[in-house]
Amino acid sequence: MPELFAYTDGACSGNPGPGGWGVLLRAMDGDTIVKEKELSGGEAETTNNRMELLAAINALESLARPSTITVVTDSAYVKNGVTGWIFGWKKNGWKTSNKKPVKNVELWQRLDEAQARHKVTWEWVKGHAGHPENERADELARAGMAPFKKKKSA
């Protein structure tokens, strides 16, 4: 059975501003790529954190059946949120430890639901450090953002 990986990234031009997300899905049999799929999208007015979340969400939601997958992100926000903070947020009715509403709560809830169908391992990699799959996810995120970066006419 091939191993499944999702390399995810988000990008934003201005924060907030136009943004995009990208996903490189890869099935591996040892060192051999069995199958590969690329996903991307974007929004006209968003934040980098929202794009990072949407990359992970779309990676997991794109899987047709429950799967064992490793999600690789360069976002400490996503990795720390989904592997740690989220448990307290859920226990506290989606409030932070300071009793403030969780930012991007609808995306965190969607990510929580998306990952519940799968057996997910989360890995963090340093962004823009020459990691080929992370660099590809970044290219996809920038491509997802491109249609929203067009100059506004007067």
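**Exercise 1.** In which loop is Asn-104 found? Work out its backbone sign and its burial in this predicted model.

*Solution.*
- Step 1: locate the residue. Asn-104 sits in the loop between α2 and α3.
- Step 2: check the backbone. Phi of Asn-104 is positive, about 60 degrees, although the residue is not a glycine.
- Step 3: classify the exposure. The cut-off for buried is under 20% relative accessible area. Asn-104 has 16% relative accessibility, so it counts as buried.

**Exercise 2.** Is Lys-99 buried or exposed? Place it first.

*Solution.*
- Step 1: Lys-99 lies in the loop between α2 (76-91) and α3 (105-116).
- Step 2: its phi is near 65 degrees, a positive value in a residue other than glycine.
- Step 3: exposed requires over 50%. The relative accessible area of Lys-99 is 62%, so Lys-99 is exposed.

**Exercise 3.** Describe the peptide bond from Asn-15 to Pro-16.

*Solution.*
- Step 1: read omega. The value is near 15 degrees, and the bond is cis.
- Step 2: place the proline. Pro-16 belongs to the loop between β1 and β2.

**Exercise 4.** Characterise the largest pocket by volume, lining and residue class.

*Solution.*
- Step 1: volume. The largest pocket holds about 600 Å³ of space.
- Step 2: lining. There are 19 lining residues; Leu-4, Ala-27, Leu-63, Arg-65 and Ser-67 lie nearest the centre.
- Step 3: elements. Two or more lining residues come from each of β1 (3-12), β2 (17-29), β3 (32-46) and β4 (68-73).
- Step 4: class. The lining of the largest pocket splits into nine nonpolar, four polar and six charged residues.

Methods:
Residues numbered from 1 in each chain as written. Predicted model: local features only at pLDDT ≥ 70, side-chain atom pairs only at ≥ 80, totals over all residues. Heavy atoms only, no water. 1 Å grid on protein atoms, 1.4 Å probe; cavity = no way out; pocket = protein on both sides within 12 Å on 5 of 7 lines; lining within 4 Å. Points joined across faces, edges and corners; volume = space filled by probe spheres on them. Helix = DSSP H or I, 4+ residues; strand = E, 2+ residues; numbered from the N terminus. Nonpolar A, V, L, I, M, F, W, Y, C, P; charged D, E, K, R; others polar. Buried < 20%, exposed > 50% of the residue type's maximum accessible area, 1.4 Å probe, protein only.
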